[in-house]
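Good morning, everyone, and thank you for making time for this. I would like to walk slowly through one model today, so please have a look at it before I go on.

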Amino acid sequence: MAKPMPQKKVLKSRDLSGLADYIASDKCNNIVLMLGAGVSTSAGIPDFRSPETGLYANLARLRLPYPEAVFEINFFRENPEPFYTLAHELYPGKFRPTVTHSFIRLLAANGLLHTCFTQNIDTLERRAGVPDDKIIEAHGSFASQRCIDCQQPYDDAKMKRKILAKETPRCETPKCGGLVKPDIVFFGESLPDEFIRAIPNVAKADLLIIMGTSLTVHPFAGLAERAPLACPRVLVNLDVVGSIGRRPNDLVLLGKCDEVVRALCEKLGWGEELEALWAKTEAKVAWEEEAEAREEEAETKAEEAEEKHEGKAPTAEDVVGAIADAIGKKLNLEEEDGQSDDTTPTATPPSKDDVSTKDEAPVADPAPGKL
Ligand SMILES: [Zn+2]
């Protein structure tokens, strides 16, 4: 006769209702999350790894020797323009957090979030209002940057201006002049100390929710194995991945992250609160878009005046910029073709001309303060 399973059943039922009951119970206090690209795709951020619609496919037009070169430190040192083209496309502030990001904020507000591990570099968790000290960006993020030679940090506002202007930022330490790179982890670089230090947090989880990840990138994927046996592990994804389903308290919820999250919040009675939090992220993005458009316009004018004065010829950066624009337009077209949902932001920001004529932009509170 087979021995009884050593793990006891924690979820009343292995479905959405069982999960909601557990979250609402006093047994669930420390939720650990593992997030992948699937959490951000509904924000319009292209998935890196998808060959057709992914960023790599678009970057191929920049004549990279192979697409992954854009994230290789040696290649970057020789030719940083393709990376900065991508940075311009991906730059935080151009995308609105998703409902799933607002769900994470809600977990934090309810005192249930222990740690949010994310593989995403888009900083949408922060932008949705998840407290910084709950977020572990396993592959780094665009939130800070430094010189790749002397490691000197570089100013956030300057970095933003450079990326939006499609310029390559350079270290300002006297006699250095090294390239400045956002603190996102390139191939061959070690993962942030912050991530390594936070790995033991998974052992404290009484619920692990894994969302929108293929669980193929290690060591991130290995976090799921560190959850205690009594901790239910929930996978929210389009497909079954990794080892989730092997333990008695594993639960697989197939579907789009936003849809599953909405259904779960309905069961929990959090539906209205979730939508209210998400609505706030729209106003924030609209405000930032307007501010950026004004900033860009002022800079373009200043640059034009300078160019007139110097009569300078187009630089390599201008050429890359033109290519980036073309990619942006292509992405925009694909978005429009593929979707009729007009609340979904496009994959690329409108150009400054579009912003000034944009009719659906809601009037936003001019105060950019924290949510
Ligand atoms: Zn330097």
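I will begin with the chain as a whole, then turn to its sheet, and end with one helix and the core.

Please keep in mind throughout that this is a predicted model. The chain has 12 helices and 8 strands, and of its 371 residues, 36% are buried. If we take the contacts in the chain with a separation of 6 or more, 68% of them are accounted for by residues 24 or more positions apart.

Now to the sheet. In which order do the strands of the open sheet stand? There are 6 strands in this sheet, and they follow the order 3-2-1-6-7-8, with parallel pairing. Strand 3, residues 135-137, and strand 8, residues 250-254, stand at the edges with a single partner strand each, so one side of each has no neighbour in the sheet. On average, and ignoring direction, neighbouring strands of this sheet are turned by 15 degrees against each other.

Let us look more carefully at strand 1, which covers residues 31-35 and has 5 of its 5 residues buried, so the rest of the structure largely encloses it. As a general reminder, side chains in a regular strand alternate between the two faces of the sheet. In strand 1 both faces are covered, since we find Ile31, Leu33 and Leu35 buried on one side, and Val32 and Met34 buried on the other.

What are the partners of strand 1? Strand 2, residues 113-118, runs parallel to strand 1 and is joined to it by 5 bridges, and here Leu33 stands opposite Cys116. Strand 6, residues 207-211, also pairs with strand 1 in the parallel sense, over 5 bridges. Within that pairing, Ile31 has Leu207 as its bridge partner, while Val32 stands opposite Leu208.

That brings me to helix 5. How many of the residues of helix 5 are buried? The count is 10 of 11, so to speak of this helix as mostly covered is fair, and among the buried residues are Val99, Phe103, Ile104 and Leu107. Just after helix 5 comes Gly111, which takes a positive phi of about 70 degrees.

Helix 5, residues 99-109, packs with helix 9, residues 257-268, at an angle of about 40 degrees, and their axes are 8 Å apart. That angle makes helix 5 oblique to helix 9. On the side of helix 5 the contact is made by Val99, Thr100 and Phe103, and on the side of helix 9 by Cys257, Asp258, Val261, Arg262 and Cys265. Sorted by class, this contact has 5 nonpolar, 1 polar and 2 charged residues.

Finally, the core. In soluble globular proteins, nonpolar side chains tend to be buried together. The largest nonpolar core here has 70 residues, and those that touch the most other members are Leu33, Ile104, Cys116, Leu208, Ile209, Ile210 and Val234. Helix 5 gives the most to this core, with 6 residues. Which residues does Ile104 contact, leaving aside its neighbours within four places in sequence? They are Leu33, Leu113, Cys116, Glu125, Ala128 and Val130, and you will remember Leu33 and Cys116 as the residues that stand opposite each other in strands 1 and 2.

Definitions and conventions: Residues numbered from 1 in each chain as written. Predicted model: local features only at pLDDT ≥ 70, side-chain atom pairs only at ≥ 80, totals over all residues. Axes fitted to C-alpha atoms, helices over the stretch in contact; angles between N-to-C directions. Helix = DSSP H or I, 4+ residues; strand = E, 2+ residues; numbered from the N terminus. Parallel < 35°, antiparallel > 145°, perpendicular 65-115°, else oblique. Contact = placed C-beta atoms within 7 Å. Nonpolar A, V, L, I, M, F, W, Y, C, P; charged D, E, K, R; others polar. Buried ≥ 20, exposed ≤ 12 C-beta atoms within 10 Å, placed from the backbone. Pairing = 2+ DSSP bridges. Core = buried A, V, L, I, M, F, W, Y, C linked by C-beta atoms within 7 Å.
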